[in-house]
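Trainee: Please pick one part of this model and look at it closely, then connect that part to the rest of the chain. Give the cut-offs behind your terms as you go.

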Amino acid sequence: MRCVALDPGSALRAVRDAVIDGDAVIMNGVATPIDLLLSARWVVPVEPRGVVLENHAVAVHQGAIVALLPQAEAHVRYRATQHIALGEHALLPGLVNAHTHNPMTLLRGLADDLPLMTWLREHIWPVEARVLGPEFVRDGTELAIAEMLRGGTTCANENYFFPDVSAATYRAHGFRAVVGLPIIEFPSAWARDSDEYFARACELADALRGDALVTAAFAPHAPYTVGDTSFARVRLLADQLDLPVHLHLHETAQEISDSLREHGQRPLARLQRMGLLNDRLIAVHMTQLTEAEIAQCAQAGVSVVHCPESNLKLASGSVRPRRCVAAASTLPSAPTAAPATTIWTCSARCAARRCWPRASAAMPAPWTPPARCTRPPSAARARWGSTRASARSCPASAPI
Ligand SMILES: [Zn+2]
């Protein structure tokens, strides 16, 4: 390691030529040792929104980002054990896949262009009954992790059976995740009945408590596969364990008509009756919403996850992200920059802000490892500027 002592006046000029791996520039002998310095042609932070920083660096120490600053200043202030120079790259935070069934990556292409219930009942569920198990979950999750990392995704909101295997797989690969604790009214290889689903859910929730990389959420599958008794238990336990509730909701028109026939209520009203319409709820799909329901969700602080790729595959419809954000923004309590329900718009999946803070709270360094980015900064700026929410483009990995 070569060290150059500089006076403050000449430091910034001198360090421009000293960006060599392992070098350190010490100003008055007080350069701070850190583990890693990532310098990139462009750095695209989440905040401030819509900003692309040129020739900046990210300083990392003990797994946490300690500074984001101009490269010249970084080489004065820090002495990095490792320096990675990304000369023509854009460095941006890791992307978040806000709803996925990653083990189902192994079922990709099994059945296409079918209505949701036909697809589930006649194709997916019968196949799962034959192949579902720890090995299937591990292998599918590992494949999905590889695919997600290639696209810059470093965190997933998982929703599948054998969440213990998912959690172990994510942890083994250093991948951040919120694993869903499945609740559904039919037996599977994971659990035989409702009591066993809840017992295994609580056991895993306890095991993951305090885990810095992988956390848990209750994942009742959908209103059409979960009964009122189970929903009541989810509500009680989610409150007691302080966990989010990750749920498919208002995905198709048939879901609405079936609910009206069987329960005399739309699914959202049914959840409201059971006390589940609150800021714990991460509601996925939401393609069938009235104006009143959008306002109701905004008022309750519900997170909405938009899955355009899935909705296109199954012709389910589409959420109206801008309308949801606008509704949340009109609330008296909504801060100007962060409405109660914020849609994270992206090419394949979108998440509301409630999902991200819960995930990021347990993940102190939400920055992706340096990944090559082919999109020029001007395009990134235009894309991010086109929505009121922070945009995170996520690769597709599982269809529903
Ligand atoms: Zn899904």
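Mentor: Start with helix α8 (residues 253–263), where E255, I256, D258 and S259 are buried; buried means under 20% relative accessible area, exposed means over 50%, and partly exposed lies in between, with a 1.4 Å probe applied to protein chains only. The model is predicted: local features require pLDDT of at least 70 and side-chain atom pairs count only at pLDDT 80 or more, while totals for chains, interfaces and linings use all residues. Residues are numbered from 1 along each chain as its sequence is written, and side-chain values use heavy atoms, leaving out hydrogens and water.

The buried residues of α8 pack against β11 (245–249) and α9 (267–273), with contact taken as heavy atoms within 4.5 Å. Just past the end of α8, G264 has a positive phi of about 70°. The element names follow DSSP runs, numbered from the N terminus: H or I over at least four residues for a helix, E over at least two for a strand. On that basis the protein chain holds 14 helices and 15 strands.

As for the chain overall, 55% of its 400 residues count as buried. Among contacts between residues at least 6 apart in sequence, 69% join residues at least 24 apart.

A second helix to inspect is α5, and S166 is a residue found in it. S166 is buried, at a relative accessible area of 0%. Leaving aside residues up to four places away in sequence, S166 touches V137, T141, E158, F161 and V179. P103 lies 63 residues from S166 in sequence, yet their C-alpha atoms are 8.4 Å apart in space.

Two of those partners, V137 and T141, also appear in the packing of α4 on α5. The axes of α4 (residues 134–150) and α5 (residues 163–172) come within 9 Å and cross at roughly 40°. That crossing makes α4 oblique to α5. Axes here are lines fitted to C-alpha atoms, for helices over the stretch in contact, and angles run from 0 to 180 degrees between N-to-C directions; under 35 degrees counts as roughly parallel, over 145 as roughly antiparallel, 65 to 115 as roughly perpendicular, and the rest as oblique. The α4–α5 crossing is right-handed, that is, the near helix is turned clockwise from the far one by less than a right angle, anticlockwise being left-handed. From α4, the residues P134, V137, R138, T141, E142, I145 and M148 meet V165, S166, T169 and Y170 of α5. That contact divides into six nonpolar, three polar and two charged residues, where Ala, Val, Leu, Ile, Met, Phe, Trp, Tyr, Cys and Pro are nonpolar, Asp, Glu, Lys and Arg are charged, and the others, Gly among them, are polar.

Helix α5 also packs with α6 (residues 194–208), at an angle of about 20° and with the axes 10 Å apart. This angle makes α5 roughly parallel to α6. P163, D164, A167 and R171 of α5 meet R200, L204 and L208 of α6, a contact with four nonpolar, no polar and three charged residues.

Among the strands, there is an open sheet of four, in the order β5-β4-β3-β6, with mixed pairing. The edges are β5 (64–70) and β6 (78–91), each with a single partner strand, so one side of each has no neighbour in the sheet. From one strand to the next, the twist averages 20°. Two strands pair if DSSP finds at least two bridges between them.

Taking the pairs in turn, β3 (residues 32–43) and β4 (residues 53–61) are antiparallel over seven bridges. Within that pair, A40 stands opposite H56, and L36 has V60 as its bridge partner. Strands β3 and β6 run parallel, joined by 10 bridges, with I34 bridged to A80 in β6. Strands β4 and β5 run antiparallel with six bridges, and H61 is bridged to A64 in β5. β4 and β5 form a hairpin with two residues between them, and Q62 in the turn has a positive phi of about 55°.
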